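Dear colleague,

Please find the structure below, handed over for your records. My notes on what was found in it follow directly after.

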Amino acid sequence: MKCVILCGGKGYRLREETEFRPKPLVPIGDRPILAHIMEIYRRHGVNEFVLCLGYKGEMVRDYFGGIQKAWATQGRDGIIMVDTGEETTTGGRIRMIESFVKGETFHLTYGDGLGNVDIKALTDFHRACNPTVTLTAVQPPSKFGELTMSDVTNRIQ
């Protein structure tokens, strides 16, 4: 199973850091956010990654060994990096990597998507319910958007 990681946004909420590096490379401890995300997924058996690059994407390529710039390149350790453009929307980035996940169930997260989520249990839940999408979200409302959930079905309204 693959995990698509959106690594292309400009990271305005962390501007003091993202002026110099893309948000997925902002360090937490001795490693960037992206390394922590990938390690969480690897611990749950997800070992293939598609990174949707945009803003300062060359720095992500350099982090994984300086792979030459191309539309899509195969990196080491099951990593595919796709240049999805600096101004592309989230949906546009997903559309651009469709050929890498076509017909497969895959995970999707943001390049700052750290959380205490049991990835294997989430995958098992998704397969048991067979929906088009299974989504995890935080409970507190956010100024960046929120979901309305049904109390009865636990589905997004």
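Strand S7, residues 106-110, has two unlike faces: His107 and Thr109 lie on the covered one, while Phe106, Leu108 and Tyr110 lie on the uncovered one. Strands here, like helices, are DSSP runs numbered from the N terminus (strands E, at least two residues; helices H or I, at least four). In a regular strand the side chains alternate between the two faces of the sheet. S7 runs parallel to strand S1 (residues 2-7), and 5 bridges join them; two strands are taken to pair if DSSP finds at least two bridges between them. Within this pairing, Ile5 stands opposite Thr109 in S7.

Please note that this is a predicted model, in which local features need pLDDT of at least 70 and side-chain atom pairs count only at pLDDT 80 or more, whereas totals for chains, interfaces and linings use all residues. Residues are numbered from 1 along each chain as its sequence is written, and side-chain values use heavy atoms, with hydrogens and water left out.

Ile5 also belongs to the interior. The largest nonpolar core has 20 residues, of which Ile5, Leu34, Phe49, Leu51, Val60 and Phe64 touch the most other members. S1, helix H2 (33-43), strand S4 (48-53) and strand S6 (79-83) each supply at least two residues of this core, and H2 gives the largest share, 6 residues. A second, separate core of 9 residues includes Leu6, Val50, Val82 and Phe100. A nonpolar core is a set of buried Ala, Val, Leu, Ile, Met, Phe, Trp, Tyr and Cys residues joined through side-chain atoms within 4.5 Å. Buried means under 20% relative accessible area, exposed over 50%, and partly exposed in between (1.4 Å probe, protein chains only).

Helix H2 is mostly covered, as 8 of its 11 residues are buried; among them are Ile33, Leu34, His36 and Tyr41. After H2 comes Gly45, with a positive phi near 90°. Lys56, a residue other than glycine, also has a positive phi, near 55°, and is placed in the loop between S4 and helix H3 (57-63).

The segment after helix H6 (119-129) holds Ile156. This residue joins Val133, Leu135, Leu147 and Met149 in a nonpolar surface patch with about 440 Å² of accessible area together. Ile156 counts as partly exposed because its relative accessibility is 44%. Patches are made of residues with over 30% relative accessible area and no salt bridge, with like charges joined within 9 Å and nonpolar side chains (Val, Leu, Ile, Met, Phe, Trp, Tyr) within 5 Å. Accessible areas come from the Shrake-Rupley method with a 1.4 Å probe, and for residues only the protein chains shown count as cover.

Finally, the count comes to 7 salt bridges, each being a side-chain nitrogen of Lys or Arg within 4 Å of a carboxyl oxygen of Asp or Glu. One of them links Glu17 and Arg21 (3.1 Å, N to O). Glu98 meets Arg95 (2.9 Å, N to O) and also Lys102, where the closest N and O atoms are 3.1 Å apart. Salt bridges that share partners thus join Arg95, Glu98 and Lys102 into one network. Within that network, Glu98 is partly exposed at 30% relative accessibility, whereas Arg95 is exposed at 59% and Lys102 is exposed at 58%.

With kind regards
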